[in-house]
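Please keep the sequence and the three-dimensional view open side by side while reading. The paragraphs below move from one helix to its neighbours, then to other helix pairs, and end in the loops.

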Amino acid sequence: MRKQIAAANWKMNCTYQQGEQLLDEILSANIELQAHQQTIFAVPFPYLIMAKSETEDENNYFVAAQNCYNKKSGAYTGEVSVEMLQSIGIQFCVLGHSERREYFQESNKMLAEKLDLCLQYNITPIFCCGEPLNIREAGTQNSFVETQLKESLFHLSDADIKRVVIAYEPIWAIGTGKTATSEQAQEIHAYLRSVLAKQYGAATADAISILYGGSVKANNAKELFSCPDVDGGLVGGASLNASEFITIINSLK
């Protein structure tokens, strides 16, 4: 069975103390994840070591960076390299979130470079793709997300693509309170898997986890995660509320 993943994206939220308390509250629920389930906390850079310490004795709980730079090292003041993340034991990194694409003009080419570095350093990329409202309204979301996959992922070998987690984010549903219906989520997840199957074959496509990332909440997680091609969620606002995120973890297949 594909990995079923509840990934929390804290974005630029929480003080150190608030983050520590939030993790304590979630972990104190003592949710025993099954072998095919994972919970991942994508926390701000200053909290990575703290979050790693909090989760290291927990089975199938992991920590992710929210970004990395597309160069190995050098005179890039303020940036964080994949090698730095590896050196503190971080195993996941979110790449290409819509906010990075929009506010920091991250291109598909740059994201391909980041993916290669993550894989080189044995860090699992959580690669984000998705369309804005005008693309959805024009009905061209399929070709839009297909281009994102092709330009950032399709240079990867069969072995390497299976090491990537994909997160589909309908940008029009992030923080707006709008959510794609479970039917809409299943439809585009199935399409993404068909695009992967066309390039890499059905067996490889079936092995790749595809998360849904658009306003996942406690009251809709179960329905969304029950879709056959939805393998969990990349959760924003609801991951900052312990009881909400506990419910979301418990909604995994």
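What follows is a guided reading of helix packing and of backbone angles in two loops.

This is a predicted model, in which local features need pLDDT of at least 70 and side-chain atom pairs count only at pLDDT 80 or more, while totals for chains, interfaces and linings use all residues. Residues are numbered from 1 along each chain as its sequence is written, and side-chain values use heavy atoms, with hydrogens and water left out. Helices (H or I, at least four residues) and strands (E, at least two) are DSSP runs, numbered from the N terminus.

A suitable place to begin is helix H2, residues 48-55, where Leu 48, Met 50, Ala 51 and Thr 55 are buried; buried here means under 20% relative accessible area, exposed means over 50%, and partly exposed lies in between, with a 1.4 Å probe and protein chains only. These residues lie on the same side of H2, because they cover an arc of only 160 degrees around the axis, the arc being that of the directions from the helix axis to the C-beta atoms. What do the buried residues of H2 pack against? Their partners are helix H1 (16-27), strand S2 (37-42), strand S3 (61-65) and helix H3 (82-87), where contact means heavy atoms within 4.5 Å.

With H1, the axes come within 11 Å and cross at roughly 20 degrees; axes are lines fitted to C-alpha atoms, for helices over the stretch in contact, and angles run from 0 to 180 degrees between N-to-C directions. H1 is therefore roughly parallel to H2, given that angles under 35 degrees count as roughly parallel, over 145 as roughly antiparallel, 65 to 115 as roughly perpendicular and the rest as oblique. H1 passes H2 in a right-handed crossing, a term used if the near helix is turned clockwise from the far one by less than a right angle, with left-handed used if anticlockwise. On the H1 side, Tyr 16, Gly 19, Glu 20, Leu 23, Asp 24 and Leu 27 meet Met 50, Ala 51, Glu 54 and Thr 55 in H2. By class, this contact has five nonpolar, two polar and three charged residues, where Ala, Val, Leu, Ile, Met, Phe, Trp, Tyr, Cys and Pro count as nonpolar, Asp, Glu, Lys and Arg as charged, and the others, Gly among them, as polar.

Further along the chain, helix H7 (residues 141-153) packs with helix H9 (residues 182-200) at an angle of about 40 degrees, their axes being 10 Å apart, which makes H7 oblique to H9. The contact includes Val 145, Leu 149 and Leu 153 of H7 and, from H9, Ile 188, Leu 192 and Val 195 among others; its residues divide into nine nonpolar, two polar and two charged.

H7 also packs with helix H5 (residues 108-120), at an angle of about 50 degrees and with the axes 7 Å apart, so H5 is oblique to H7. Asn 108, Leu 111, Ala 112 and Leu 115 of H5 make this contact with Thr 147, Gln 148, Glu 151, Ser 152 and Leu 153 of H7.

Most residues other than glycine have a negative phi. Gln 105, in the loop between helix H4 (98-104) and H5, has a positive phi of about 50 degrees although it is not a glycine, and Gln 105 is exposed, with a relative accessible area of 59%. Asn 122, in the loop between H5 and strand S5 (124-129), has a positive phi of about 60 degrees and counts as exposed at 56% relative accessibility.
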